Amino acid sequence: MGKSILVTGGANSGKSALAERLTLGRGASPVYIATSQAHDDEMRAKIARHRASRGPGWTTIEAPTDIVTALRDSDGAAPRLVDCLTMWLTNLMLSKADWQAEADALTDLIPTLESPVVFVTNEVGAGIVPENRLARQFRSAAGQLNQQVAACCDEVWLSVSGCPLRIKPHE
Amino acid sequence: MGKSILVTGGANSGKSALAERLTLGRGASPVYIATSQAHDDEMRAKIARHRASRGPGWTTIEAPTDIVTALRDSDGAAPRLVDCLTMWLTNLMLSKADWQAEADALTDLIPTLESPVVFVTNEVGAGIVPENRLARQFRSAAGQLNQQVAACCDEVWLSVSGCPLRIKPHE
Amino acid sequence: MGKSILVTGGANSGKSALAERLTLGRGASPVYIATSQAHDDEMRAKIARHRASRGPGWTTIEAPTDIVTALRDSDGAAPRLVDCLTMWLTNLMLSKADWQAEADALTDLIPTLESPVVFVTNEVGAGIVPENRLARQFRSAAGQLNQQVAACCDEVWLSVSGCPLRIKPHE
């Protein structure tokens with residue numbers, strides 16, 4: 001059973017529910033590391049929906065940009081769920097942080113962690129090429145980040161219509 | 001061999017052809033439940049192309065919004081192909097119907113059907129997040145609907161470049 | 001081991017790196033058939049990045065539209081990597097060529113080739129339906145082309161977050 005897991009998929013493809021099951025299967029008292037910020041009603045509703053679907057028993061840490069510290073500080077006790085890397089990347093880019101340096105710090109940290117961690121991320125690169133240059137840069141960066149994290153995780157899962165498919169190691 | 005099947009995939013990924021093969025493999029005199037409406041030339045051309053590729057021997061029922069009745073009324077005789085759920089959702093939303101209630105009625109019905117049914121649906125959530133709020137709501141709803149129908153189908157297939165991949169039960 | 005291979009996936013999903021490994025595994029002195037043209041800085045940077053990641057030892061043939069001739073002329077000597085079919089389709093459409101005739105010529109050629117060939121292509125149809133009619137036509141054509149080439153290749157691979165998944169023949 002893998003200790004570091006990446007769960008990817010499109011919007012509303014069942015990623016979070018799969019990631020919650022994988023986290024719960026790796027220990028009690030799970031920790032939810034939330035990267036989303038409740039800037040508007042749409043996001044507030046989404047956060048509330050996710051919180052309700054998780055059920056009780058989770059501790060939440062809010063870490064819009066500093067998931068590296070959140071993972072380091074919460075290590076050694078319980079499994080963690082980081083939801084999600086794509087929002088983390090968005091937050092880093094919006095705050096003009098060096099996302100590549102943060103990604104490198106994250107992938108340096110992952111192999112050293114004692115407690116399990118499950119990451120959720122999004123597939124954003126399988127549509128038509130966006131006309132907007134920033135959108136193209138974002139989808140390139142998101143794809144790069146997914147590859148980089150996948151390379152250092154023990155397991156990678158793809159969720160399609162709520163059906164989990166393990167793509168690393170291949171079933 | 002599953003009796004209720006969901007076939008998903010991107011645009012022009014071979015979903016319809018796969019769904020036709022799966023339907024034909026489940027019995028003679030297949031029924032095609034069409035959700036598309038010929039509002040413009042682009043759609044008329046697409047409908048004609050699909051009709052030609054299916055070949056003769058199919059009975060067509062037009063059901064832009066009421067596939068629940070179409071499935072109930074045609075039950076007990078021959079396998080059905082519903083093409084497609086994403087257009088059904090579009091039609092329900094455009095007509096201000098309660099799509100969630102319709103989806104619930106559909107997933108209540110599926111386990112009670114006697115004759116096989118194959119559903120086609122679309123992956124719409126693997127591109128960049130749309131700037132348009134309605135487009136975001138639609139892709140959330142489409143993802144939810146896919147998950148809900150997949151959960152009550154015996155088989156789920158993903159078509160990629162015309163190559164079928166069974167994701168439930170996993171091969 | 002397949003002699004004609006298609007590698008598909010979203011943007012920055014690890015397609016090119018996978019295609020390079022598959023090409024190198026099929027013989028020495030590989031040939032890179034490039035369809036991209038350095039029209040602007042963004043494309044020049046991408047081409048330079050790909051060239052650096054491939055490393056030395058590759059011969060490059062530039063073939064923005066005529067990959068059929070490039071494949072025929074380079075046959076009998078070394079494995080080829082065509083990167084990528086989606087850009088080739090874009091170039092054909094922009095130059096008002098008959099892309100369907102070119103696709104037919106390509107798929108007629110593939111089974112007659114002596115040396116291995118690996119094609120890279122893009123998944124562009126798994127996002128929301130584009131509002132732009134030309135974008136819809138392009139994603140239809142891209143999906144059709146992918147299906148047509150996949151049908152005559154010995155192997156088809158999907159790359160997700162850098163994880164390769166063989167979808168034909170299915171693992």
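What follows is a chat about a predicted model, its chains, one sheet and its cavities.

Reader: Anything I should know before I start?
Author: This is a predicted model, in which local features need pLDDT of at least 70, side-chain atom pairs count only at pLDDT 80 or more, and totals for chains, interfaces and linings use all residues. Residues are numbered from 1 along each chain as its sequence is written, chains are lettered from A and ligands numbered from 1 in the order in which they are written, and side-chain values use heavy atoms, with hydrogens and water left out.

Reader: OK. How many helices and strands does chain A have?
Author: Chain A has 6 helices and 7 strands. Both are DSSP runs numbered from the N terminus: helices are H or I with at least four residues, strands are E with at least two.

Reader: And in what order do the elements run?
Author: From the N terminus on, chain A goes β-α-β-α-β-α-β-α-α-β-α-β-β.

Reader: What does the C-alpha trace span?
Author: Along its principal axes, the trace of chain A spans about 45 × 35 × 35 Å.

Reader: Which order do the strands take in the sheet?
Author: In chain A, 7 strands form an open sheet in the order 3-2-4-5-1-6-7, with mixed pairing. Two strands pair if DSSP finds at least two bridges between them. The edges are strand 3 (59-62) and strand 7 (163-168) of chain A, each pairing on one side only.

Reader: Do strands 4 and 5 run parallel or antiparallel?
Author: Parallel: strand 4 (residues 80-83) and strand 5 (residues 117-120) of chain A are joined by 4 bridges. A:Asp83, for one, has A:Val120 as its bridge partner in strand 5.

Reader: New topic. What turn lays chain C on chain A?
Author: A turn of 120° with a shift of 0.0 Å along the axis, giving an RMSD of 0.0 Å. The two copies are thus related as by a three-fold rotation axis. The superposition is by least squares on C-alpha atoms of residues with pLDDT of at least 70 in both.

Reader: Which C-alpha of chain C is nearest the axis?
Author: That of C:Gly127, 2.4 Å from the axis.

Reader: How many cavities are there?
Author: The structure holds 5 cavities of 30 Å³ or more. On a 1 Å grid over the protein atoms alone, a cavity is a set of points where a 1.4 Å probe fits but cannot get out; lining residues have an atom within 4 Å of a point.

Reader: What lines the largest one?
Author: The largest cavity has 25 lining residues, with A:Ala126, A:Leu158, B:Ala126, C:Ala126 and C:Leu158 nearest its centre. Strand 6 (155-160) of chain A, of chain B and of chain C each give two or more residues to that lining.

Note on methods:
On a 1 Å grid over the protein atoms alone, a cavity is a set of points where a 1.4 Å probe fits but cannot get out, and a pocket is an open set with protein on both sides within 12 Å along at least five of seven lines; lining residues have an atom within 4 Å of a point. Grid points are joined across faces, edges and corners, and a volume is the space filled by probe spheres set on the points.
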